[in-house]
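Thanks for making the time. I will put the model on the screen and then walk through it region by region.

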Amino acid sequence: MFPVFQIGPFAVQAPGLIILLGIWVGLTQTEKYANRFHVNPNLLSNLILIMILSGVVGARLTFVLKFPGIFYNNPINIIS
């Protein structure tokens, strides 16, 4: 089991924190080097945000399609 960090009233699991840190470092480096390749950093940030949101929504839809019986009695749990 991974460690859980208590930050005030919030409990943050280590894998989530590592993923968040990786996204932040990657986005910072991407914006730093965007000008070398003549790419607008704002456009690149918007693209990365859309990719992250699409990944989260796609993962949830895949889970719902893989285990539809879980949501049969209470379909509102699909978005929770």
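Before the hairpin, one definition: two strands count as paired if DSSP finds at least two bridges between them. One more point before I start is that this is a predicted model.

I begin with the two strands. β1 and β2 make a hairpin, with two residues between them. How many bridges join β1 to β2? There are four, and the strands run antiparallel. β2 covers residues 10–13. Within this pairing, Ile-7 stands opposite Phe-10 of β2, and Val-4 has Gln-13 in β2 as its bridge partner. In the turn, Gly-8 has a positive phi of about 65°.

While we are on backbone angles, there is another positive phi to look at. Most residues other than glycine have a negative phi. His-38 is not a glycine, yet its phi is positive, near 55°. His-38 belongs to the loop between α1 and α2. Is this residue, His-38, buried or exposed? His-38 has a relative accessible area of 76%, and because the cut-off for exposed is over 50%, it counts as exposed.

Next, the surface. Phe-5, Ile-7, Phe-10, Leu-17 and Leu-20 form a nonpolar patch there, and together they have about 520 Å² of accessible area. Which elements give two or more residues to the nonpolar patch? They are β1, residues 4–7, and α1, residues 14–33. So two residues of the hairpin pairing that I mentioned, Ile-7 and Phe-10, which stand opposite each other, come back as members of this patch, by the rule that joins nonpolar side chains within 5 Å.

From the helix side of the patch, take Leu-20, which sits in α1. Its relative accessible area is 55%, so Leu-20 is exposed. Ile-18 is also placed in helix α1, and at 59% relative accessibility Ile-18 counts as exposed. For a sense of the span, Ile-18 and Ile-76 are 58 residues apart along the chain, and their C-alpha atoms are separated by 30 Å.

Moving on to helix α2, I picked out Ser-45, which lies in that helix. Ser-45 has a relative accessible area of 18% and is buried, because the cut-off for buried is under 20%. What does Ser-45 touch, leaving aside residues up to four places away in sequence? The answer is Leu-27 and Glu-31.

Now the aromatic residues. A pair of aromatic rings is described by the distance of the centres and the angle of the planes. The count comes to two aromatic pairs. Phe-63 and Phe-67 form a tilted pair, 5.1 Å centre to centre with 55° between the planes. Phe-63 and Phe-71 form an edge-to-face pair, 6.0 Å centre to centre with 80° between the planes. Why is one called tilted and the other edge-to-face? Because planes over 60 degrees apart count as edge-to-face, planes under 30 as stacked, and the rest as tilted.

Phe-63, Phe-67 and Phe-71 form one aromatic cluster. As for exposure, Phe-63 is partly exposed at 34% relative accessibility, and Phe-67 is partly exposed at 36%. Phe-71, at 7% relative accessibility, counts as buried.

Phe-71 leads to my last residue, Asn-77. Where is Asn-77 found? Asn-77 is in the segment after α2, the helix that covers 41–66. Setting aside residues up to four places away in sequence, Asn-77 touches Arg-60 and Phe-71. Asn-77 counts as partly exposed, with 30% relative accessibility. Asn-77 and Ala-14 are 63 residues apart in sequence, and 25 Å apart in space, C-alpha to C-alpha.

That is the end of the walk-through. I will take questions now.

Note on methods: Residues numbered from 1 in each chain as written. Predicted model: local features only at pLDDT ≥ 70, side-chain atom pairs only at ≥ 80, totals over all residues. Heavy atoms only, no water. Buried < 20%, exposed > 50% of the residue type's maximum accessible area, 1.4 Å probe, protein only. Contact = heavy atoms within 4.5 Å. Phe/Tyr/Trp six-rings, centres within 6.5 Å; stacked < 30°, edge-to-face > 60°. Patch = residues over 30% accessible without salt bridge, like charges linked within 9 Å, V, L, I, M, F, W, Y side chains within 5 Å. Areas by Shrake-Rupley, 256 points an atom, 1.4 Å probe, with all protein chains shown as cover. Salt bridge = Lys/Arg side-chain N within 4 Å of Asp/Glu carboxyl O.
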